[in-house]
Amino acid sequence: MRMMPYLLLTALSVFVLTNPSASGAAPGKVGETFPTFSGKDVMTGEAIDLAGLRGKVVLVDFWATWCPPCRAAVPELRELQEKFGGKGLEIVSISLDRVEAPLKKYVQDNKMTWKHIFDKGGKLANQYSVRQIPTVFVVGRDGKLIASNPHGASLRKAIRTGLKQTYVAAPSPADTGEVVSPVAPPAAEPTVEPVADPAPLTEADEARAKRWLAIAEGMRQNGNTRLARKYADKLVNDYPQTREARLAGVILKALPE
């Protein structure tokens, strides 16, 4: 008799999946960077890329509509979405259903208003060595694993831990004005003469000062002393009358020589 791709065994609270062809690696330990994945939202057709969700706490949920424990967990996921969705939580459910149509109907009927990927053939499940469903991972704002398969109070604690994290994205070339080159040495930093009698700030000036302060502090936290000093200096020289310039002075004093 030919072996089915998945052998389903009913457990106390999970369905165990046995896939003879699985070759994926474990998703790593808590505190390590969680391997990225990409897919298409089965409901909207939009692309989903885990790397593009940096800055948010991501709950990755492997499940299926034919799995009773998975269906029993839907109300809890819906509650988490309602409570934390506006605070930085992103839920991505990855379905191991064999047919897409019943999945879409179930998601719509049960008001599961988060992201959904149809994992046809179990490719992503194999990638993350998922052996039972439901399986849940909580990934922090920095892309590192916070918890593996937490439930109930442990799941909520992991989400709250992630939401408390501070994440500052690296500035884009448009923000820094730099041309990234793997070969050429970094260009010399321009010197900016202090303004003796600064003109009143416009709204654009105020927004720019706040953005430069955020970049300077983010670079300081990430250990990029050169960029932190650059933006703090620009603040002090260009907008010396602002509160942001005074805070930039504090950042400059804290930077190593």
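So, how many helices and how many strands make up the secondary structure of this protein chain? Eight helices and ten strands. Keep in mind that what's on the screen is a predicted model, so let me start with the confidence.

The chain averages a pLDDT of 81, and 78% of the residues score at least 70. There are two stretches I'd flag. Over residues 1–12 the pLDDT stays under 50, and the model has 24 contacts there beyond four places in sequence. Residues 19–23 also stay under 50, with eight contacts of that kind. Where pLDDT is low, the predicted coordinates should not be read in detail. I'll leave those two stretches there.

Some totals for the chain. Of its 257 residues, 39% count as buried. If you take contacts between residues at least 6 apart in sequence, 68% of them join residues at least 24 apart. And the chain exposes about 14800 Å², with carbon and sulfur atoms supplying 55% of that.

Okay, on to the strands. Go to β5, residues 57–63. How many of its seven residues are buried? Seven of the seven, as it turns out. In a regular strand the side chains alternate between the two faces of the sheet. Here Val57, Leu59, Asp61 and Trp63 point one way from β5, while Val58, Val60 and Phe62 point the other way, and all are buried. Yes, that list of buried residues includes an aspartate, Asp61.

What does β5 pair with? One partner is β6, residues 89–95, in the parallel sense and over seven bridges. If you want a spot to click on, phenylalanine 62 has isoleucine 94 in β6 as its bridge partner. Another partner is β9, residues 135–139, and that pairing runs antiparallel, with five bridges. There, valine 60 is matched with phenylalanine 137 in β9.

To get from β5 to β6, look at helix α1, residues 68–84: β5, α1 and β6 together make a right-handed β-α-β unit.

Now β6 itself. This strand is mostly covered, with seven of its seven residues buried. Leu89, Ile91, Ser93 and Ser95 point one way, Glu90, Val92 and Ile94 the other, and all are buried. So on this strand the buried list includes Glu90, as well as Ser93 and Ser95. β6 also pairs with β7, again in the parallel sense, over four bridges. Valine 92 stands opposite lysine 115 in β7. The chain gets from β6 to β7 by way of helix α2, and this β-α-β crossover is right-handed.

Let's stay with α2, residues 100–109. Which of its residues are buried? Leu103, Tyr106 and Val107. They sit on the same side of α2, because they cover an arc of only 100° around the axis. What covers them includes β5, α1, β6 and β7, with β7 being 115–118. Turn the helix round, and the face away from the buried side carries the exposed residues Ala101, Lys105 and Gln108. Just after α2, lysine 111 takes a positive phi of about 50°.

Two single residues before I stop. The first stop is arginine 160, in helix α4, residues 153–163. Is arginine 160 buried or partly exposed? Its relative accessibility is 37%, so it counts as partly exposed. Leaving out residues up to four places away in sequence, arginine 160 touches Lys83 and Phe84. Both of those numbers fall within the range of α1, residues 68–84. Arginine 160 and lysine 87 are 73 residues apart in sequence, yet C-alpha to C-alpha they are 9.9 Å apart in space.

Then there's aspartate 205, in helix α6, residues 203–221. With a relative accessible area of 17%, aspartate 205 is buried, because the cut-off for buried is under 20%. Skipping residues up to four places away in sequence, aspartate 205 touches Pro200 and Tyr239.

To recap: β5 pairs with β6 in parallel and with β9 antiparallel, and β6 goes on to pair with β7. That's my tour.

Terms used:
Residues numbered from 1 in each chain as written. Predicted model: local features only at pLDDT ≥ 70, side-chain atom pairs only at ≥ 80, totals over all residues. Heavy atoms only, no water. pLDDT = per-residue confidence, 0-100. Contact = heavy atoms within 4.5 Å. Buried < 20%, exposed > 50% of the residue type's maximum accessible area, 1.4 Å probe, protein only. Helix = DSSP H or I, 4+ residues; strand = E, 2+ residues; numbered from the N terminus. Pairing = 2+ DSSP bridges. Right-handed = clockwise from strand over helix to strand, strands pointing away. Arc of directions from axis to C-beta. Areas by Shrake-Rupley, 256 points an atom, 1.4 Å probe, with all protein chains shown as cover.
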